[in-house]
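Subject: The structure we talked about

Hi,

Here is the structure I promised to pass on to you. Please have a look at it first, and then read on for my notes.

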Amino acid sequence: MEHTGLYNAHALDVLFQAQLPIWLEASLHIKQAGGLQRGKSDSVDAQRIAEYAYRFQDRTRLWKPARAVMKKLTEFTRLRQRLQGMISQLKVPLAEQKRFGDKVLTTQLGQHCSSSLKALLSDLKGGEKAIKQLITDDPTLKALRSGGPV
């Protein structure tokens with residue numbers, strides 16, 4: 001099966017619950033193994049995946065779901081990245097305006113997004129706190145963080 005992230009999560013859960021072997025492969029690996037390719041459709045993609053699986057049977061690695069704590073950590077990390085991006089989208093133009101633009105206008109613009117920035121920074125702080133708590137509560141992650149034995 002080609003890895004499509006969120007789009008195949010439900011299928012993976014169902015197949016795993018049914019105790020079926022699952023080989024999940026990155027789409028880039030499948031694409032690179034096929035060489036120069038023309039045409040793109042679901043049927044062509046299915047054929048390419050089947051050919052890849054046949055050619056590289058010896059590389060089969062069966063998929064197992066990530067631990068629940070790792071899924072949570074992944075989602076909180078994604079949230080953190082999105083919040084950082086939003087903060088940057090507000091801050092960078094203000095900083096550029098401050099350096100090269102009208103100072104009065106810069107102050108006005110800053111006032112009009114200061115509440116949003118405060119809220120985003122607060123959300124970011126909460127997300128980072130949740131990440132730290134996940135790490136602290138999980139013995140394996142806690143040991144990895146401290147450099148001790150796992």
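Below is what I found, going from confidence to helices, cores and a few single residues.

**How far to trust it**

Please keep in mind that this is a predicted model. The chain has a mean pLDDT of 90, and 98% of its residues reach 70 or more. Confidence is highest in H5, with a mean of 95, and lowest in helix H2 (residues 27-33), with a mean of 87.

**The two helices to look at first**

A good place to start is helix H4 (68-100) and helix H5 (103-137). H4 is made of 33 residues, and from its first C-alpha to its last it reaches 48 Å, close to the 48 Å expected at 1.5 Å a residue. H5 has 35 residues, which should span 51 Å at 1.5 Å a residue; the C-alpha atoms at its ends are 48 Å apart, and this agrees.

H5 does have a kink, though: a bend of about 45 degrees, centred on Cys113. At the N-terminal end of H5 you will find a cap, provided by Asp102. One of the side-chain oxygens of Asp102 lies 2.9 Å from the backbone nitrogen of Val104.

Which residues of H4 are buried? They are Val69, Leu73, Leu83, Ile87 and Leu94, and they pack against H5 and H6. In H5, the buried residues include Thr106, Cys113, Leu117, Leu120, Leu124, Gly127, Ile131, Leu134 and Ile135. Among the elements that cover them are H4 and helix H6 (139-146). When you look at the spacing of these positions, it helps to remember that an α-helix has 3.6 residues a turn, so residues three or four places apart point the same way.

**Two nonpolar cores**

The largest nonpolar core has seven residues: Leu83, Ile87, Leu94, Cys113, Leu117, Leu120 and Leu124. H4 and H5 are the elements that give two or more residues to this core, and H5 gives the most, with four. Cys113 therefore appears twice in these notes, as a member of this core and as the centre of the kink in H5.Leu83 is a handy residue to click on, with Leu120, Asp123 and Leu124 as its contacts beyond four places in sequence. There is also a second, separate core of six residues, among them Val69, Leu73, Ile131 and Leu141.

**Across from one helix to the other**

Some pairs show how positions in H4 and H5 lie relative to each other. Arg82 belongs to helix H4, and with a relative accessibility of 49% it counts as partly exposed. Arg82 and Leu124 are 42 residues apart in sequence, while their C-alpha atoms are 9.3 Å apart in space.

Glu128, in helix H5, is partly exposed as well, at 27% relative accessibility. How far is the C-alpha atom of Glu128 from that of Thr77, 51 residues away along the chain? The two are separated by 8.3 Å. Beyond its neighbours within four places in sequence, Glu128 is in contact with Arg80 and Gln84.

Ala130 is another residue of helix H5, and its relative accessibility of 22% makes it partly exposed. The C-alpha atoms of Ala130 and Leu94 are 29 Å apart, with these positions 36 residues apart along the chain.

**Towards the start of the chain**

Is Asn8 buried or exposed? Asn8 sits in the segment before helix H1 (9-17), and it is buried because its relative accessible area is 6%, where buried means under 20%. Leaving out residues up to four places away in sequence, Asn8 touches Met1, Glu2, His3 and Leu24.

Gln19 is in the loop between H1 and H2. Most residues other than glycine have a negative phi. Gln19 is not a glycine, yet it has a positive phi of about 60 degrees. It is exposed, because its relative accessibility is 72% and the cut-off for exposed is over 50%.

Gln37 comes in the loop between H2 and helix H3 (42-55). Its relative accessible area is 27%, so Gln37 counts as partly exposed. Ile30, Lys31 and Arg48 are in contact with Gln37, leaving aside its neighbours within four places in sequence. Gln37 and Glu75 are 38 residues apart in sequence, and from C-alpha to C-alpha they are 34 Å apart.

Happy exploring, and best wishes!

Key. Residues are numbered from 1 along each chain as its sequence is written. This is a predicted model: local features need pLDDT of at least 70, side-chain atom pairs count only at pLDDT 80 or more; totals for chains, interfaces and linings use all residues. Side-chain values use heavy atoms; hydrogens and water are left out. A nonpolar core is a set of buried Ala, Val, Leu, Ile, Met, Phe, Trp, Tyr and Cys residues joined through side-chain atoms within 4.5 Å. Buried means under 20% relative accessible area, exposed over 50%, partly exposed in between (1.4 Å probe, protein chains only). Contact means heavy atoms within 4.5 Å. pLDDT is the predictor's confidence in each residue, from 0 to 100. The expected span of a helix is 1.5 Å times one less than its number of residues. The bend at a residue is the angle between axes fitted to the seven residues ending there and the seven starting there. A polar contact is a pair of N or O atoms within 3.5 Å; within protein, one must be able to donate a hydrogen and the other to accept it, and residues adjacent in sequence count only if both atoms are side-chain atoms.
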